[in-house]
Amino acid sequence: MLEWGAGGSTLAFAPLVERYCSIEHSEAWVAKVSDSLPKQVDLVLREPHWPYEPFAAAEPGQFSDYINAVSAFGEESFDAVLVD
């Protein structure tokens, strides 16, 4: 399973699958949730390109690394995808 946006859904769905791949854009959030994730979760961090102001509209290309981080897992396809 592949997910963009780690958190509560990661904790809920990860125990149901063999491998759970999650992509997160916030280093602070990764630090907060990493210790509570099940062992089958493979979490990668892809921060947006700055400048970035919280709650501001995204700029073109700002989240390209986050969107394209799926290639980091080396999978051809996934059985399920969640955008959280």
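# Notebook: a four-stranded sheet and its neighbours

**Entry 1, the sheet.** I began with the strands: four of them make an open sheet, ordered β3-β2-β1-β4, with parallel pairing. A reminder to myself is that this is a predicted model. Which strands stand at the edges? I found β3 and β4 there; each has a single partner strand, so one side of each has no neighbour in the sheet. I also looked up the twist: on average, neighbouring strands of this sheet are turned by 15° against each other, direction ignored.

**Entry 2, pairing strand by strand.** Next I went through two of the pairings. Strand β1, residues 2–4, pairs with β4 in the parallel sense over three bridges. As a handle on the register, I noted that Glu3 has Leu82 in β4 as its bridge partner. For β2 and β3, which run parallel, I noted five bridges. Here Ile23 has Val44 in β3 as its bridge partner. How does the chain cross from β2 to β3? I followed the chain through helix α2 (residues 27–33), and this β-α-β crossover is right-handed.

**Entry 3, Leu2.** I then picked one residue of the sheet, Leu2, which is found in strand β1. Is Leu2 buried or exposed? With 2% relative accessibility, Leu2 counts as buried, since the cut-off for buried is under 20%. I listed what Leu2 touches, leaving out residues up to four places away in sequence: Cys21, Ile23, Val70, Phe73, Phe78, Ala80, Val81 and Leu82. Ile23, on that list, is the residue I had already met as the bridge partner of Val44. Leu82 is on the list too, and I knew Leu82 from its bridge with Glu3. I also checked one C-alpha distance: Leu2 and Val83 are 81 residues apart along the chain, and their C-alpha atoms are separated by 8.5 Å.

**Entry 4, salt bridges.** How many salt bridges are there? The count comes to two. In one of them, the side chains of Arg19 and Asp42 meet at 2.9 Å, N to O. Arg19 sits in the loop between α1 (8–13) and β2 (20–24), and Asp42 belongs to strand β3 (residues 41–45), so this pair ties together parts that are 23 residues apart in sequence. Glu75 also forms a salt bridge with Arg19, and the closest N and O atoms are 2.4 Å apart. That pair links distant parts of the chain, 56 residues apart: Glu75 is in the loop between α3 (64–67) and β4 (81–83), while Arg19 is in the loop between α1 and β2. I wrote the three down together, as Arg19, Asp42 and Glu75 are linked in a network of salt bridges.

I looked up accessibility for each member of the network. Arg19 counts as partly exposed at 29%, Asp42 counts as partly exposed at 28%, and Glu75 counts as partly exposed at 37%.

**Entry 5, aromatic rings.** My last search was for aromatic pairs, and the structure holds one. Why is this pair edge-to-face? The ring centres of Phe63 and Tyr66 are 6.1 Å apart and their planes are at 70°, so the pair is edge-to-face; the cut-off for that label is over 60 degrees. It helps to remember that two numbers describe such a pair, the distance of the centres and the angle of the planes. I checked the surroundings as well: both Phe63 and Tyr66 are buried.

Definitions and conventions: Residues are numbered from 1 along each chain as its sequence is written. This is a predicted model: local features need pLDDT of at least 70, side-chain atom pairs count only at pLDDT 80 or more; totals for chains, interfaces and linings use all residues. Side-chain values use heavy atoms; hydrogens and water are left out. Rings of Phe, Tyr and Trp (its six-membered ring) pair if their centres lie within 6.5 Å; planes under 30 degrees apart count as stacked, over 60 as edge-to-face and the rest as tilted. Buried means under 20% relative accessible area, exposed over 50%, partly exposed in between (1.4 Å probe, protein chains only). Two strands pair if DSSP finds at least two bridges between them. Axes are lines fitted to C-alpha atoms, for helices over the stretch in contact, and angles run from 0 to 180 degrees between N-to-C directions. A crossover is right-handed if, with the strands pointing away from the viewer, the path from the first strand over the helix to the second runs clockwise. Contact means heavy atoms within 4.5 Å.
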